[in-house]
Amino acid sequence: MKISKFLLLVFTCLVIFNCSEDDSEDNPQDLTVQQQVENFVTPELIQSLQNLGFTFRDGDETPDISGDFKFTPFELKATNVENDSPLGTIFNDTNISFSNLNSQAREFNFAGSEANGSTYSNITDTFYSGSGNSFSAYVKFTNNIGDAMAETLIAISGNISENGIEDAEFAILILDNMGNTNVFIANGKGRLFEDQDGTAERQTE
């Protein structure tokens, strides 16, 4: 009888422990911001971003990053793509927009476009956080070239101000090329850009 009671106690503890683990996995809010970022970006891409020199500004807060901003001149700061353009090359001006921020879910609506008419569309997921005026924002979107698709990550960081995003950085990397290696670069490959004059200026109508 004592053995049965002991086994019942052990079983009950295991059930409680497992339920606690499941609840934590089911509720992302129970994770630290760093864990949420890692789950969203993947550890592999975090390492790629670190190697490129991307400045992570994640924190427990959700600053107001809403607005329209323009990166110009849009300068290549780092790359891990073989035979890529030289560092310092100026690319097309890039406009981005953050709207409909959801501070509880740490989500937002995103739109982006380049001066040549290309757009960042087919947004699948977003995440942002920060501390004070500093923030990092992450966007996943599906990139289509003909019939080939790739899941792509944009990472943006800086310090939000009335003038725009100061110390603005913009990284774009391939998250999953879905086997389309003849069309897209390898997973984890990409570029880091910065606004050459330091501020992605806020756009007003």
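The largest nonpolar core of this predicted model has 24 residues. A nonpolar core is a set of buried Ala, Val, Leu, Ile, Met, Phe, Trp, Tyr and Cys residues joined through side-chain atoms within 4.5 Å. Buried means under 20% relative accessible area, exposed over 50%, and partly exposed in between (1.4 Å probe, protein chains only). The residues with the most contacts inside this core are I96, F98, F110, I154, I156, I165 and F170. The elements that give two or more residues to the core are β1 (67-71), β2 (74-79), β4 (94-102), β5 (107-114), β8 (134-145), β9 (148-160) and β10 (164-176). Apart from this core lies another, of 18 residues, among them V37, V41, Y138 and L153.

The model is predicted: local features need pLDDT of at least 70, side-chain atom pairs count only at pLDDT 80 or more, and totals for chains, interfaces and linings use all residues. Residues are numbered from 1 along each chain as its sequence is written, and side-chain values use heavy atoms, with hydrogens and water left out.

The protein holds three helices and 12 strands. Both are DSSP runs numbered from the N terminus: helices are H or I, of at least four residues, and strands are E, of at least two. Of the 205 residues, 38% count as buried. The protein exposes about 11200 Å², and carbon and sulfur atoms supply 47% of that area. Accessible areas come from the Shrake-Rupley method with a 1.4 Å probe; for residues, only the protein chains shown count as cover. Among contacts between residues at least 6 apart in sequence, 57% join residues at least 24 apart. Contact here means heavy atoms within 4.5 Å.

I154 illustrates the packing of the 24-residue core. Neighbours within four places in sequence aside, I154 is in contact with F110, Y120, A137, Y138, V139, F141, F170, A171 and I172. One of these partners, Y138, belongs to the 18-residue core.

Aromatic side chains were examined next. Rings of Phe, Tyr and Trp (its six-membered ring) pair if their centres lie within 6.5 Å; planes under 30 degrees apart count as stacked, over 60 as edge-to-face and the rest as tilted. By this rule the count comes to 14 aromatic pairs. F54 and F56 form an edge-to-face pair, at 5.1 Å centre to centre and 85° between the planes. F54 is buried at 5% relative accessibility. F56 is partly exposed at 27%. A second edge-to-face pair joins F98 and F135, with ring centres 6.1 Å apart and planes at 85°. F98 lies in strand β4 and F135 in strand β8, so this pair ties together parts that are 37 residues apart in sequence. Both rings belong to buried residues: F98 has a relative accessibility of 1%, and F135 has one of 0%. One aromatic cluster is formed by F71, F74, F91, Y120, F141, F170 and F193. Y120, F141 and F170 are also among the contacts of I154.

A lysine also meets an aromatic face. K140 lies over the face of F40, at 4.5 Å from the ring centre. A charge sits over a ring if NZ of Lys or CZ of Arg is within 6 Å of the ring centre and within 35 degrees of the ring normal.

Several loop residues were then considered. N177 is found in the loop between β10 and β11 (190-195). This residue is buried, at 6% relative accessibility. A polar atom of the N177 side chain lies 3.3 Å from the backbone oxygen of I185. Leaving aside neighbours within four places in sequence, N177 is in contact with M149, A150, F184, I185, A186 and N187. M178 is found in the same loop, between β10 and β11. M178 is partly exposed, with a relative accessible area of 41%.

V81 is placed in the loop between β2 and β3 (90-91). With neighbours within four places set aside, V81 is in contact with I185, K189 and G190. The C-alpha atoms of V81 and L173 are separated by 9.9 Å, although the two residues are 92 apart along the chain. N83 is also found in the loop between β2 and β3. At 80% relative accessibility, N83 counts as exposed.

Backbone geometry completes the description. Most residues other than glycine have a negative phi, and most peptide bonds are trans. Phi of N83 is positive, near 55°. M178 has a positive phi of about 55° and is not a glycine. A cis peptide bond joins T72 and P73, with omega about -10°. P73 lies in the loop between β1 and β2.

Definitions and conventions:
A polar contact is a pair of N or O atoms within 3.5 Å; within protein, one must be able to donate a hydrogen and the other to accept it, and residues adjacent in sequence count only if both atoms are side-chain atoms.
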